[in-house]
Every structure is written in C-alpha cells, then in structure tokens.
Amino acid sequence: MPKLGLKCLPLLMACGAIMGSVGPAVAQAEGDRALGEYLSSECVSCHKLTGPSDGIPSIVGRPAAHLITLLTAYRDKKRENPIMQMTASRLSDEEIAALAAYFASLKATAQGR
Amino acid sequence: MKFSVHQGRIKMTSTTRRHFLGGMGAIAASGLACPAFAQAKQKLVVIGGGAGGATVAKYVAKDGGVDVTLVEPAARYTTGFHSNLFLGGYKKWEAINHSYDQLTSKYGIKRVRQAAQAIDRDKRVVRLAGGGTLAYDRLLVAPGIDLKFDSVPGYSEAASERMPHAWKHGPQTQLLQRQLNAVNDGGVIVIIAPPNPYRCPPGPYERASMMAHVLKAKKHKKSRIIILDTKSAFSKQGLFMEGWQKHYPGMIEWQDPKVHGGIKSVDAKTMTVVTGLATYKAALVNVIPAQTAGKIALDAGLADQSGFCPINPENMKSTVDANIFIVGDASIAGDMPKSGFAANSQAKVAAMAIRSEIAGGRAFPARYSNTCWSLIETDDAVKVGGHYQPKEGKIAAVETFISKTGEPADLRKKTQEENIAWYTAFMADMLG
C-alpha cells in the first residue's frame, strides 16, 4: 500500500480500511496529522479548543516546538502533574510530533470547529 | 406495509414512507461492502445521549459522510458528574444541564426525541417507543445503567419518590437536594452504597462529603450521615476517610457489611432502615441500588450473565453482534471504571472504528484514559486516573495514579480548579 493522501484517494482508503491493509499509521517526520488528530481526542477531554481557560491551560495555537518540549518534559517527569506525566508516558517521539503538528495546525482552523 | 432498502436488498419493514424514499438512492448501490461505491450514506443510529452516545454521534458526524441519528428522549442532558457539586451548593441546576442543539446545528446529527424500545438485530432496526423504526448499518448502544430496585429489600421505583436514588439524574437529583436542605439539626441521613460494578465508584462518598458540607455550613452539631455499604472497601477510601476526619469530625460514619451485619429492609412509609445491627429512623434515606446495563441492551441479548455487555477491547464492538458497538456504563470495560470520562474515551475509539468500517476513516490502535475528580470540602479535591489499552482480551490498566493523603492545601485547591475547568472542556468536547 502506498502512502495515502488522505483526502485524495477516498475510494482506495475506504476499501483499504475494510481489507485491513491500513494498519497503525506510519508517523511521518513532520508529524502525521491524522494520527495527531486521533491522539488529540484524548487531550480535548480536558483542554478546551476555544475560549479562555482557567485551571487547565490552552494548548491550541502554540508553536509545535513548544508543545514538543512540554510533552517531553512531562514524559521525563521534569514537570509536575500526574495526569500529564501519565499521558505523556505512553507517547513515542513520533506521536508527540504528530500531536504538536496537529495542535499547531489548529491555529488557523480552530475557530471553525 | 412499507419497504426500505437495506444493503442493496429490499426488505419489508414498518419504516416510514420518508425512509423508503430516502433509501431509494441505495438501490443503485450493490451489495458491495465497500461503502465508497454506495451512493447513499451509511446510517449510524446512536441509542443514548450521555457522555458515551453523544460523543460517538459527534465524532462520527463531524467529518461527514455518515447519516447519524441520536435517539434520546430527554430534552437536555443532566450530567451525573458534578451532580454532587449541585447537591453541595457549588453549582446551580442550570450548570449541570446541557442542550443537544449544537449536535444538530453544527454537525447535522438528526435527533429523535423518543425512547428506543427495542433492537431488532436481524432486521437491523431500532423500534421506537412511539411506534416508528430506524434502520441502521451500525448501531451504537449507550443506554447507561438501569437500577435493580429489588436488590435492597423493601425498595422499589415507587419508594424512590420518598427515598431517592438520585443515581439516574434529573428530578431525582433535585428531590435529593430538597430533602437534604430540609434536614434539621439532629437528623439522621442514611446512604446505602451499591455493590460493584456500578456507575461512578467514588460517587456515594463524594455525595456524603457534599451532604456534610451543607450540614456543616448550617452549623449542625448533632446531625449524622451513616453510609451502609454493601462492600468492604471503596474508591479513594483513604482520601475520603482522611478528609472526613479533617473537615467533618464525628459526622460521617461508614459501615461495611461486617459492621452492620447486612441491610435487612427499608420502609419508605416510616422512613426506617433495618440492618443486622440497628434500626434507623431517618430524615433522609438515599438508596443506591445494584445496577445492570440499560434494559434495552439486556433485552437485545447484548449482555452476559453479569448484566453488562461484553465488548472487543480493540474497538468497543459487541462480542455478540458485529454491527453493534457499546460504550460507557453498559459495557464491560475491563479495568476502566464506569464514569463519564471513561465513556467519552471509549466513544472516541468506537467512533474511529465505526468511521473506518463505513466511511473510509483510518484506524489506529485503541487507547483509553480516565480521570475522576472528587470534592471533599471547599478547595479540597482529590483525583484518580489511569491509562488503558487492550491486553489479553480485555481493556487493561497500563498506568494509574491517585492523589496522596496529606497533600498541601494549595495542591488540593489547584486540583479543584482543574476539576471545574475539566467539566467545561468536557461538555464542549461532547456537545459543543
């Protein structure tokens, strides 16, 4: 199966999914957006995508590099908060990159969601 | 007799004419499994508008391409989470009630304001209380719990009008609050806590804390809260016990079965509770009975002998029907507790799996999480959480954490601020 342009090949995608040939996503160097979007669904149970945030900080509209630094620090237990330490602990470097790329990309589109 | 078109075949059903016409486009579709070749959208019907069902509906609908219908009789969603904050006077009634309107206006989800009465798995239709039917390609069953009233001798649905359970939220929650506010100093409150597994494991103990908060604020000196438990241990026990000692010394008494010797009977007429140890004449009795998955899931044969529904941990699909997914309190989710947070987490996995089957979405390995905050007294909150993944046929805990006893006050205050912020974000994630 070639790398799939997500929106370009819906037919191939749909059938691929049914045949089971689209397995766990291959993370790409710059951050796999679809993987990032799936992983982000865990974040948005607590972090609001829009509007002011007290008590739990906003994670939308931050540069990807900043989010990578933060998540890596939580994973290394260099920042406090057991929820975030636990959340980061099961993320690989590729997954952190995917998440950061996804939230960075929301900068332009967050209002529409 | 009318016809509907289903998977390229014409079936006689009692669906409406509108369904028939709407399904005409599907005649062009062959019986091919690949939905991309079909001209009609695949249909997802969601039974239940709680944290599980509403989240699945939104997450499947938001990327388009699927016809999503949410079947939920209630006009608004009264959340069980933070209902204890309503009881304690920290939140207004309006603040725990939420409109479903944005699911329709932003995501095009159809709402059916009726109870789902039955599932015909062979015909793939949901029968509605009002007599109509809804055909589905995939069905999401999220009815939450039903209460086993007869698990407490003498208790019944009728008795709950005087001895509220307030474990399915709405008028019962308001009744409990009115009764609490009417307790005079010296009154006895009895809470009967349920056996595992049940919705919101720390809930009965947070509820006792919030009741004590109200009595303490009213300067009660002699009122008592007696928790008659059907188990010998409970969620966050060390944290609650520490908090009760600190904030409400002598007010809350917890009895396990070894102490009370069994709950023999309750009588709503005389407001008495009889145990093996004593008879209590109470000002307020909150009976939280044993629980099962919602009746519709039991009737459809989706539950096992435990009364809850087995699922495939990879995708939340029913182990007995490949067209049905089950999330939330009704499911057997392994190490995950029955909580709104857990239901929302399971819903995202189910939505992804459903989209991969009927809308060409990508499927990633399932990951689940849960966090649950409990308020003990103003600015003194604790939390528990975990991460979960499929392992050896069940959803297994990968890592868990819990607040520690003896934590500094500023950390407990921050934890409560997190709790409040979580609720806002969570409702936006589910219904916004």
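Strands 8, 9 and 10 of chain B form an open three-stranded sheet in the order 8-9-10, paired antiparallel. Strand 8 (116-120) and strand 10 (133-135) of chain B are its edges; each has a single partner strand, so one side of each is left without a neighbour in the sheet. The model is predicted. Chain B as a whole holds eleven helices and 27 strands, and the points below cover two open sheets, one parallel strand pair, two helix crossings and the overall dimensions of the chain.

**Sheet 8-9-10**
- Direction ignored, neighbouring strands of the 8-9-10 sheet are turned by 20° against each other on average.
- Strand 8 of chain B runs antiparallel to strand 9 (residues 125-128) of chain B, and four bridges join them.
- Within this pairing, L128(B) in strand 9 of chain B is the residue opposite A116(B).

**Sheet 16-17-18**
- Another open sheet of three strands in chain B has the order 16-17-18, again with antiparallel pairing.
- Its edge strands are strand 16 (263-267) and strand 18 (279-281) of chain B, each of which pairs on one side only.
- From one strand to the next, the twist in the 16-17-18 sheet averages 10°.
- Four bridges connect strand 16 of chain B with strand 17 (residues 272-275) of chain B in the antiparallel sense.
- I263(B) has T275(B) in strand 17 of chain B as its bridge partner.

**Strands 13 and 19**
- Strand 13 (residues 188-193) of chain B and strand 19 of chain B run parallel and are joined by four bridges.
- One of the residue pairings here is I192(B) with V287(B), the latter in strand 19 of chain B.
- In a regular strand, side chains alternate between the two faces of the sheet.
- Strand 19 (residues 284-287) of chain B has L284(B) and N286(B) pointing one way and V285(B) and V287(B) the other way.
- All four of these residues, L284(B), V285(B), N286(B) and V287(B), are buried.

**Helix crossings**
- Two packed helices are described by the angle between their axes and the distance between the axes.
- For helix 2 (residues 51-61) and helix 10 (residues 340-358) of chain B, the axes come within 8 Å and cross at roughly 35°.
- Helix 2 of chain B and helix 10 of chain B cross in the right-handed sense.
- On the side of helix 2 of chain B, the contact is made by A51(B), G52(B), T55(B), V56(B), Y59(B) and V60(B).
- On the side of helix 10 of chain B, the contacting residues include G340(B), A343(B), A347(B), A350(B), A351(B), I354(B) and R355(B).
- For helix 5 (residues 171-181) and helix 6 (residues 203-217) of chain B, the axes come within 10 Å and cross at roughly 40°.
- The crossing of helix 5 of chain B and helix 6 of chain B is also right-handed.
- L176(B), L180(B) and N181(B) of helix 5 of chain B meet R207(B), M211(B), V214(B) and L215(B) of helix 6 of chain B.

**Overall dimensions and packing**
- Chain B has a radius of gyration of 23 Å, which agrees with the value near 22 Å for a compact globule of 432 residues.
- The C-alpha trace of chain B spans about 75 × 45 × 40 Å along its principal axes.
- Of the 432 residues in chain B, 58% are buried.
- Among contacts in chain B with a separation of 6 or more, 65% are between residues 24 or more positions apart.
- Chain B has an accessible surface of about 17,100 Å², and carbon and sulfur atoms account for 52% of this area.

Conventions
Residues numbered from 1 in each chain as written. Chains lettered and ligands numbered in written order. Predicted model: local features only at pLDDT ≥ 70, side-chain atom pairs only at ≥ 80, totals over all residues. Heavy atoms only, no water. Pairing = 2+ DSSP bridges. Axes fitted to C-alpha atoms, helices over the stretch in contact; angles between N-to-C directions. Rg over C-alpha atoms; globule rule 2.2 N^0.38 Å. Buried < 20%, exposed > 50% of the residue type's maximum accessible area, 1.4 Å probe, protein only. Contact = heavy atoms within 4.5 Å. Areas by Shrake-Rupley, 256 points an atom, 1.4 Å probe, with all protein chains shown as cover. Left-handed = near helix turned anticlockwise from the far one by under 90°.
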